[in-house]
Amino acid sequence: MAAPTRLCRCLVPLLLGMGMVAAAGTPGTSGTPGTGDCGCSASRAAGDGREAAARRYSAAAAGGGRSAGRGPMVAIPGGVFTMGTQEPEIQQDGEGPARRVHIDSFYMDQYEVSNQDFERFVNSTGYITEAEKFGDSFVFEGMLSEAVKADIHQAVAAAPWWLPVKGASWKHPEGPDSSISSRMDHPVLHVSWNDAVAFCTWAGKRLPTEAEWEYSCRGGLENRLFPWGNKLQPKGQHYANIWQGEFPTNNTAEDGYKGTAPVSAFPPNGYGLYNMVGNAWEWTSDWWAVHHSPQDLHNPKGPSSGTDRVKKGGSYMCHKSYCYRYRCAARSQNTPDSSASNLGFRCAADAPGPH
C-alpha cells in the first residue's frame, strides 16, 4: 500500500482536541482525551459502492448461513432508558444531551462475533474482507513482532502507535507472521462495517442501532458509567478487558490479557451480555452525528446519511488517561471501510411479531 498520507478519519477528534486541526462544522475542544485507540484506516475511496456491493453479496449468499452463523442470542426486553449523559467526558463525541429513548424488544448476540464464527462464514461463502482486498490494515505497534516493524516506515503522526501493516487481516491480526489458531474464541478483528453487514446478513441478523447497543450495554441500569455500575473494579475484580499501566508504553495486563480476551471472558451484565465494553470496539448501524435531539425518541436509527458509522464500547487499548471510551455513553466513529486490530462487532435481530 502507498504510505497513508491522508488523515485517518478516526483521528480527527484527537487532533481537534489537541488544537492541531480545524474542521468545518466540528466544534473544537480543549484538553479532551483523544481517540488514540479508536482504530483507523487511511481513507478509502468509493466507500458507498463497496457498501452496496457488500449488501448484494451477503444477500445472495445468505441462504446457507441463517443457522450456521446464528450464535447464542439474548432476548432484550423493550423499555425506556436514558441514552447519553448530561456529564460528557469527551465533548466532541456527542455524548450528550441525556435523552429518554423508547426501545422495542429485540435480540442481541450474547458475545462478540468470534474468529470461529467468522471463519464459518468465510468457509461457507468465500467472502473476502476489505482489509484483504486493500492488502493492509492498521495494527497497534505494541502487538507487532520486530520483523514486521522493521518493514514499516510510516505511522500516523498524531498516534504513532498505529502502523499500517501489509498482510494484516482477520486471519493474521498482527501481520503475515501471526495466526488466530490459538484465539478462535477471541473477537474477530480487522472487520470493516461493510464486512460486518455481510456477516450479519448471512447469519439472518443485522447490526444493532446505536440506541439498541447502548440500551443493551446498560443491562437495565440507569445513568451508570459501565454495564455493571459506576465503580470500575467492584471489590477489586476486573469486569472488562482494558489497558492497565501507562499507555502506550506499558501494559501490565492486570486483567489477564495484553490483547483481546475470549468473547466469554469477564462477568456478563444484567442482560447476560459479555464484553459490552473493552476487548473490541463494536460497529453499529447508525451514521455518525454529534448533535442529538433532547426529546423523547422511539427506536431511533440515527441520521439518514453520513460519512462515518458509529462504533461503541472501547477496546483492550482503552485507558482513562487518553481514551475514556469504555463507558456505555461513550462513542466514536470510523469510515465504513476502516479496519484495525481492535475493531469487531456483534449482531442483533428483530423480535418476532408486530412492533
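In this predicted model, the largest pocket encloses about 390 Å³ of space. Its lining consists of 21 residues, and those nearest the pocket centre are Arg-206, Leu-207, Thr-209, Lys-301 and Asp-350. Among the secondary-structure elements, helix H7 (residues 193–202) gives the most to this lining, with four residues.

Strand S9 spans residues 281–287 and is mostly covered, with six of its seven residues buried. S9 is joined to two other strands. Its pairing with strand S13 (residues 343–344) is parallel and rests on two bridges; here Trp-281 stands opposite Leu-343. Its pairing with strand S11 (residues 309–312) is antiparallel and rests on three bridges. In that pairing, Trp-287 of S9 stands opposite Arg-309 of S11. The contact between these two residues also involves the side chains: Arg-309 lies over the face of Trp-287, at 3.5 Å from the ring centre. A second arginine is placed over a tryptophan ring in Arg-331, which lies over the face of Trp-288 at 4.2 Å from the ring centre.

Aromatic contacts were examined next. The structure holds 22 aromatic pairs. In one of them, the ring centres of Trp-228 and Tyr-239 are 5.3 Å apart and the planes meet at 35°, so the pair is classed as tilted. The two residues are 11 apart in the chain, and both Trp-228 and Tyr-239 belong to the loop between helix H8 (210–218) and strand S7 (245–246). A further pair, Trp-243 with Phe-247, is edge-to-face, with 4.8 Å from centre to centre and 75° between the planes. Trp-243 and Phe-247 are both buried. Ring pairs also link a cluster made up of Phe-118, Phe-121, Tyr-127, Trp-170, Phe-199, Trp-202 and Phe-345.

The cysteines were then considered. The structure holds one disulfide, which joins Cys-217 to Cys-328 with an S to S distance of 2.3 Å. The torsion about this S-S bond is about -75°, so the disulfide is left-handed. Cys-217 lies in helix H8, whereas Cys-328 lies in the loop between S11 and strand S12 (332–334); the bond therefore ties together parts that are 111 residues apart in sequence. Both ends of the disulfide are covered: Cys-217 counts as buried because its relative accessibility is 0%, and Cys-328 is likewise buried, with a relative accessible area of 0%.

Cys-318 has its closest cysteine sulfur in Cys-323, at 4.0 Å, which is too far for a bond; a disulfide would require the two sulfur atoms to lie within 2.5 Å. The lack of a bond at Cys-318 is accompanied by burial, since this residue has 0% relative accessibility. Cys-347 also counts as buried, with its relative accessibility at 0%.

Methods: Residues numbered from 1 in each chain as written. Predicted model: local features only at pLDDT ≥ 70, side-chain atom pairs only at ≥ 80, totals over all residues. Heavy atoms only, no water. Phe/Tyr/Trp six-rings, centres within 6.5 Å; stacked < 30°, edge-to-face > 60°. Buried < 20%, exposed > 50% of the residue type's maximum accessible area, 1.4 Å probe, protein only. Lys NZ or Arg CZ within 6 Å of the ring centre and 35° of its normal. Pairing = 2+ DSSP bridges. 1 Å grid on protein atoms, 1.4 Å probe; cavity = no way out; pocket = protein on both sides within 12 Å on 5 of 7 lines; lining within 4 Å. Points joined across faces, edges and corners; volume = space filled by probe spheres on them.
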